[in-house]
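Student: I would like to learn how to read a model of this kind, starting from its overall layout and ending with its backbone details. Could you take me through it step by step?

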Amino acid sequence: MESFLIKGGVPLRGTVEISGSKNAALPIMAATLLTSEPCVIRRVPDLSDTRFMAQILASLGAEVKFENGTLNIHARKIGTYADYELVRKMRGSICIMGPLLGRLRQARVSLPGGCIIGARPINLHLKGFAALGAKIQIAGGYIDATAKKLIGTPMFLGGRAGSTVLGTANVMMAATLADGVTVIESAACEPEVVDLAKFLNALGAKISGAGSPTITITGVKNLHGAEHEVIPDRIETATFMIAAAATNGEVAITGAQPDHLRAVIDKLTEAQVSVQRRGAKLLVRRKGRLKSVDVTTLPHSGFPTDVQAQMMALLTLAPGISIITERIFEARFMHVSELARLGADIEIEGPSAIVKGGRPLSGAPVMASDLRASAALVIAGLAAKGTTQVNRIYHLDRGYERMDEKLRKLGARIQRIEEKVQERG
Ligand code: EPU
């Protein structure tokens, strides 16, 4: 296993280019299963998650070529059964279910379990498929969905934490090939859902309202091939903004879409971080001393749960008390105990983390527990005095393209090393 060795205290300076969005690319890749014609997807980030999804598509029978950020996928003939082990390993792979059901009227995937960031149920995905007329059976660790016919219908997909991103994506994909009109109420409004709808429309689907809580899908008989460029990764963008602020540096970000990040930019501004548009670039630097702020994660256009951990790392440096409330994934606080190893003072109270910020951080060995927690530890390590070793960075490699290389270009002293695990009692 690999680790990052970070010598902290260097302000990041320079320009960084943002990659394509992981969470937009994954469902778009799955959507290529809806057509027997070839598709070309550009600006696909080269990550273990996208490579994994490519393997799943190949295991279903699609021809897949991935070169220089461009994916050529041709799902001429496909099967209904995706390899159990492959699907089980990545939760995002649940979004092959909608396309399989749409095209073949049959899908069989392994039941995804819980994960480190909290319960990850799929009841809303299944509710949507059932509303379209699918019979769902769960047995032996598998979910089987079959339908003689899929029939469009109005449905409500809101859950206990609001909308569901992949649930909306899954049902939208299945409904493209249903008979009649489907209306999804309480649909997820995330930019990744909008990007998927754009790709599906390029394939010949008839979808309107994506980006709002009501999405209307008029079923069509067939979909054809298309080309598409994936939107920039808003979470990677936010991560670099926060890293710039945490190290008191000055970073220009290119290839980003700031309109997808209004809530993050708003909170950073409140915390005394300046984010300015300069032509196609975003310039990020501190305005003065960091200020504590309260943050609550919400579905889009609220503050994203995928930036909560990184923002917490930043707020450990802001004098005063910041209250961070997690409303999407209840257990997404695994980074708290690791940030404490670097000297952060954080207490968890129910769904909130109370950050008493302003104490200097100092380097220590820490363990990454999930993708965004890893990013938070890297940010904290960059800001800390001394050396920080972030272990288990395979989590980070799932979702950040060449993060260490990009940080080195900004002047960070960060190295990828073979992990020397220090046992902890
Ligand atoms: N939920 C249900 N029932 C469902 C589905 C979801 O109750 O059937 C609940 C979840 O438990 C959670 C909330 O609804 O409380 C939102 O979950 P959502 O379904 O929106 O999450 P997801 O679609 O499985 C995607 C991203 C996550 C991101 C969330 C929230 C991908 C591949 N994953 O997951 O990304 O945190 O939306 O924005 O798109 C990450 O990139 O690090 C990551 C975890």
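Tutor: Domain bounds here come from an automatic or database domain assignment. On that basis the chain is divided into domain 1 (2-19 + 232-418) and domain 2 (22-229). This is a predicted model, in which local features need pLDDT of at least 70 and side-chain atom pairs count only at pLDDT 80 or more, while totals for chains, interfaces and linings use all residues. Residues are numbered from 1 along each chain as its sequence is written, and side-chain values use heavy atoms, with hydrogens and water left out.

Student: How many residues does each domain bring to the contact between them?

Tutor: Contact means heavy atoms within 4.5 Å. The C-alpha centres of domain 1 and domain 2 lie 30 Å apart, and the contact takes 27 residues from domain 1 and 21 residues from domain 2.

Student: Which residues come nearest to the ligand?

Tutor: A residue is near a molecule if one of its heavy atoms lies within 4 Å of it. There are 23 residues around the ligand, and Asn123, Leu124, Thr164, Asp306 and Ile328 come nearest. Each of domain 1 and domain 2 supplies at least three residues of this shell. If Ala, Val, Leu, Ile, Met, Phe, Trp, Tyr, Cys and Pro count as nonpolar, Asp, Glu, Lys and Arg as charged, and the others, Gly among them, as polar, then the shell has eleven nonpolar, six polar and six charged residues.

Student: What lies 2.7 Å from an oxygen atom of the ligand?

Tutor: A polar contact with the ligand is a pair of N or O atoms within 3.5 Å. The 2.7 Å case is a backbone N or O atom of Leu124; a polar side-chain atom of Arg372 lies 2.8 Å from a ligand oxygen, and a side-chain N or O atom of Asn23 is 3.0 Å from one. With accessible areas from the Shrake-Rupley method and a 1.4 Å probe, the protein covers 92% of the 820 Å² that the ligand has on its own.

Student: Why is one side of E17 left without a neighbour in the sheet?

Tutor: Strands (E, at least two residues) and helices (H or I, at least four) are DSSP runs, numbered from the N terminus, and two strands pair if DSSP finds at least two bridges between them. The open sheet of four strands has the order E17-E18-E20-E19, with mixed pairing. Strand E17 (295-296) and strand E19 (345-349) stand at the edges with a single partner strand each, so one side of each has no neighbour in the sheet. E17 pairs with strand E18 (residues 320-325) in the parallel sense over two bridges, and Thr296 stands opposite Thr325 in E18.

Student: Which backbone details should I check?

Tutor: Most residues other than glycine have a negative phi, and most peptide bonds are trans. Here the peptide bond from His300 to Ser301 is cis, with omega near 10°, and Ser301 lies in the loop between E17 and helix H10 (308-315). Asn68, in the loop between strand E4 (63-67) and strand E5 (70-74), has a positive phi of about 45° although it is not a glycine.

Methods: Polar contact = N/O pair within 3.5 Å; in protein donor to acceptor, adjacent residues only side chain to side chain.
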